[in-house]
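The following note is offered to a colleague who has the coordinates open. It proceeds from model confidence to the overall fold, then to the surface and the aromatic pairs.

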Amino acid sequence: MRRLKTVLATVVFSILACWNLWNFWPALPQTFTEPSPAARLIYSSLPNIYDPPAEVFFERNSGLGEVAAIRPSVVLGPNCRKALFLGPGSHPKVVGSSLCSMSESEITRAIASFTQEFNTTDERYFSISSDVIDRLTVIANKGQVYTSTSSPSFRQFQDTNWGQLEPWGSWSIGKKSSLKFRIANGTDPVAVYLKLTSFFALSHQAVDVSFLVNGKQIAATTISSAKIPIEINLELPAALLAKSNGLVAIDIHVANPASPAELNLSPDNRRLGVGLIAISIK
């Protein structure tokens with residue numbers, strides 16, 4: 001038994017040591033505009049066990065970089081489970097790297113019950129339950145084209161692992177990014193069109209991408225630098241929508257994302273996959 005405990009302890013220690021080296025190796029680029037891996041895990045899974053200084057949380061989670069904290073505002077952490085209200089004032093601006101597929105107006109309305117309990121000068125943390133996030137999933141309208149500059153923009157559909165909006169669109173980050181929304185009438189078949197580009201360099205000329213909707217693979221393709229942008233048509237049958245009560249969860253898997261840093265193009269160490277230009281529902 002003692003030998004087994006020793007082996008298990010050694011395995012756990014080795015895993016933790018490798019994880020620390022992977023995430024905190026001194027040669028890795030430093031960033032002060034996003035949470036550390038440990039903070040991301042805590043904010044997403046155990047949002048109530050630790051409250052960092054408000055300025056630090058704003059800087060690492062607002063997605064705005066090193067700027068003065070906006071007041072009033074609501075800062076959403078990873079997966080939107082942990083949030084920070086910065087007063088004073090009413091009608092706060094909602095900021096964060098992702099809205100977790102909730103519209104800014106719905107988030108503001110949902111936190112009204114929280115802010116009514118706060119003094120106008122308060123800085124308060126609160127958590128948003130998964131049930132509330134699911135209930136506030138935004139509605140996508142048929143016949144509308146959503147871009148980074150439209151009103152509303154496609155930011156409201158971006159669930160996890162997306163970069164900030166730019167005038168042309170937004171980058172997916174890492175090997176998996178997701179979009180989520182509801183179709184107003186979930187009994188009819190619809191088609192979701194994604195207009196995409198990708199990150200290319202001389203030594204990185206194509207990316208392999210697959211698209212899963214509600215866990216089922218709908219399409220797969222290779223996006224090459226020779227033919228961009230590309231439009232992906234995801235046909236969603238009525239049965240699939242009826243089963244999910246109109247909820248559409250699109251997972252975009254990129255087999256070979258790459259960062260500008262590893263390709264010696266810039267210090268940007270984000271592993272970029274596809275660039276989302278527009279979403280339309282037909």
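**Note on the predicted model**

1. The protein has a mean pLDDT of 84 (the predictor's confidence in each residue, from 0 to 100), and 84% of its residues reach 70 or more. Over residues 19–31 the pLDDT falls below 50, and this stretch has nine contacts (heavy atoms within 4.5 Å) in the model beyond near neighbours in sequence.

2. On conventions: this is a predicted model, in which local features need pLDDT of at least 70 and side-chain atom pairs count only at pLDDT 80 or more, whereas totals for chains, interfaces and linings use all residues. Residues are numbered from 1 along each chain as its sequence is written, and side-chain values use heavy atoms, with hydrogens and water left out.

3. The protein contains seven helices and 15 strands; these are DSSP runs numbered from the N terminus, with helices being H or I of at least four residues and strands E of at least two. Among contacts between residues at least 6 apart in sequence, 62% join residues at least 24 apart. Of the 282 residues, 41% are buried (under 20% relative accessible area; exposed is over 50%, partly exposed in between, with a 1.4 Å probe and protein chains only).

4. Which residues form a nonpolar patch on the surface? Leu46, Ile49 and Tyr50 do, with about 320 Å² of accessible area together. Such patches take residues with over 30% relative accessible area and no salt bridge (a side-chain nitrogen of Lys or Arg within 4 Å of a carboxyl oxygen of Asp or Glu), nonpolar side chains being joined within 5 Å and like charges within 9 Å. Areas come from the Shrake-Rupley method with a 1.4 Å probe, and for residues only the protein chains shown count as cover. Ile49 sits in the loop between helix 2 (37–45) and helix 3 (54–61) and is exposed, at 57% relative accessible area.

5. The structure holds six aromatic pairs (rings of Phe, Tyr and Trp, the last by its six-membered ring, with centres within 6.5 Å; planes under 30 degrees apart are stacked, over 60 edge-to-face, the rest tilted). One of them joins Tyr146 and Phe157 edge-to-face, at 4.7 Å centre to centre and 75 degrees between the planes. Tyr146 belongs to strand 6 (residues 145–147), and Phe157 to the loop between strand 6 and strand 7 (158–160), eleven residues apart.

6. Phe157 also forms a tilted pair with Phe181, at 5.1 Å and 55 degrees. Phe181 lies in strand 9 (residues 176–183), so this pair ties together parts 24 residues apart in sequence. Relative accessible area is 1% for Tyr146 and 0% for Phe157; Phe181, at 0%, is likewise buried.
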